[in-house]
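Here's a quick tour of a fold, starting from one small detail and working outward. Have the coordinates open as you read.

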Amino acid sequence: MGNPKVESDEPLTPAGRLFLQPEMNQVINCIIGLKYAIDADSIRSEVSNSAMIKHPRFSSLMVKDRHGREHWRKTEVDVNRHFIVIDEPVVDVTGAATDDDEEAVNDYVADLTVSSPLSTDKPLWEIHLLKAHKCMVFRIHHALGDGISLMSLFLQSCRRADDPDQRPSIASVGTSSSSSDRRGGRKKLGRVLKAAWFTLVFVVEFVLRTLWVRDRRTAVSGGPGVELWPRKLATAKFRLDDLKAVKRAVVNATINDVVFGMISSGLSRYLDIRSPKALPDGLQITGVTMVNLRKQPGLQELSDMMKGNSGIRWGNKFGMFILPIYYHQSGSNPIQYLRRAKAMIDKKKQSLEAHFSYKIGDLAMSCLGPKVASWLNYRIVCNTTFTFSNVIGPREEMTLAGNPITYLRTTSSSLPHAITMHIVSYVGRADMQILVAKDIIPDPQILAKCFEDALLEMKEAAEVATQE
């Protein structure tokens, strides 16, 4: 009788290796609000019987071979070691508890982002249950996958609130219409030439940002070493209907266009408050935003993502845009923020910048090693001002272990940026977690209010524009 088959270690992808480097060590912190008191045993049982435990990434240790190269090694998962149950309310630095659940949870997660790496003696995930605040914090190392992968996996453990026998539906996004393929040869040539030109311009900018070009210092600038500074976390809340109302004010605008216009307006408002000296109108403030590179955008069916030859496969499949926004003094036309954002994003979409950033990172990791690749990414972050990501969540109310989910939010480990922003939408709302270095931005609640007010002002202007 032969020996049982022993599974061999699986090497990490280049992107996975990058997220394990000290300068870019990233943990995703997903915050899940629950309607009723938390039953720890029910959630533990749900996780124990979920697809997550069977997933190769969530049931493997990260180990290194004799050459120092990282691999995944299958292991038995002891679910109890991955749960941290906190019965008492979260207290602040003075030892006092707050009556505000949102503030308490944000303070707890802010501390996790800068001072709590995941232990490598177990698979790289854990779940914190904050029972006094009816909240759970799901921590997953970025080496396991990106936001699209992880959200798609999380939905497998949830059920629809209106039909507990059904999982939340995932809206499919169709491929582009074939009508574009029937356009004349001259138009096709024009599109190719335009794409080549925009790609060249943006790739040169990308390289220069990596080497020495950096934003002018402002009251919200970070820099090397800032990733080690203490953090604060605040939440800006938006209605999807408001975002859609603004979108209709400009032909062919998208929700992402509206969000970037709102960020430009909100940062301008905050800089007006915090800048000791007047800033020049039109000052460029540059962000780094993540772009999903899968053939089918949006959330994916987990079974499709686990197919190795699938164009929507599991893992970290995203590139970067270097996306500038511009400071303008108060009194500017709110809709102009949207028009400028749309014009820039349209050019980015026509380029191959995101694909270039993904390929060059993959090439640098493979040919030059993780230290050089990590240094290149670190330089880009140090030379820009903020990070932004956006994940589209489910449109239907969900339950976890029979407990209705009231909100979904996410943030990640601290970076050299003084501002990191992550948006997740859920049941008609979009919540943006704003993680800041508190010695640079001591009042993130004011920054969150600036973003909320910016969207409402854009909505009022959009309503006026559509009536004219």
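Start with a facing pair: L233 stands opposite L435 in strand 16. Keep in mind that this is a predicted model. The pair belongs to a longer match, since strand 9 and strand 16 pair in the antiparallel sense over 9 bridges.

Zoom out and you get an open sheet of 6 strands, ordered 9-16-15-12-10-11, with mixed pairing. Strand 9 and strand 11 (318–326) sit at the edges, each pairing on one side only. From one strand to the next, the twist averages 20 degrees. In general, strands of a sheet pair through backbone hydrogen bonds, either parallel or antiparallel.

What packs on this sheet, touching strand 9, strand 15 and strand 16? Helix 13 does, and its direction makes about 20 degrees with that of strand 9.

Now for the nonpolar core. The largest one has 54 residues, and I263, M432 and I434 touch the most other members. Helix 13 (residues 444–467) gives the largest share of this core, 9 residues. I434 is worth clicking on: leaving out residues up to four places away in sequence, I434 touches K232, L233, A234, A236, I419, T420, M421, L447, A448 and F451. There's also a second, separate core of 41 residues, with L34, I43, V47 and I127 among its members. That fits a general habit: in soluble globular proteins, nonpolar side chains tend to be buried together.

Helix 7 (residues 240–247) is another one to look at. Which of its residues are buried? L240, D242, L243, A245 and V246 are. Here's what those buried residues pack against:

| Element | Residues |
|---|---|
| Strand 9 | 231–239 |
| Helix 8 | 255–274 |
| Helix 10 | 334–350 |
| Strand 15 | 419–426 |
| Strand 16 | 429–437 |

Helix 13 is also on that list of partners for the buried residues of helix 7.

Finally, the whole chain. The protein has 13 helices and 16 strands, and buried residues make up 52% of its 468 residues. Its exposed surface comes to about 22100 Å², with carbon and sulfur atoms supplying 53% of that. As for contacts between residues at least 6 apart in sequence, 78% join residues at least 24 apart. The opening pair, L233 and L435, is a handy place to return to when you want to find your way back to strand 9 and strand 16.

How values were computed: Residues numbered from 1 in each chain as written. Predicted model: local features only at pLDDT ≥ 70, side-chain atom pairs only at ≥ 80, totals over all residues. Heavy atoms only, no water. Core = buried A, V, L, I, M, F, W, Y, C linked by side-chain atoms within 4.5 Å. Buried < 20%, exposed > 50% of the residue type's maximum accessible area, 1.4 Å probe, protein only. Helix = DSSP H or I, 4+ residues; strand = E, 2+ residues; numbered from the N terminus. Contact = heavy atoms within 4.5 Å. Areas by Shrake-Rupley, 256 points an atom, 1.4 Å probe, with all protein chains shown as cover. Pairing = 2+ DSSP bridges. Axes fitted to C-alpha atoms, helices over the stretch in contact; angles between N-to-C directions.
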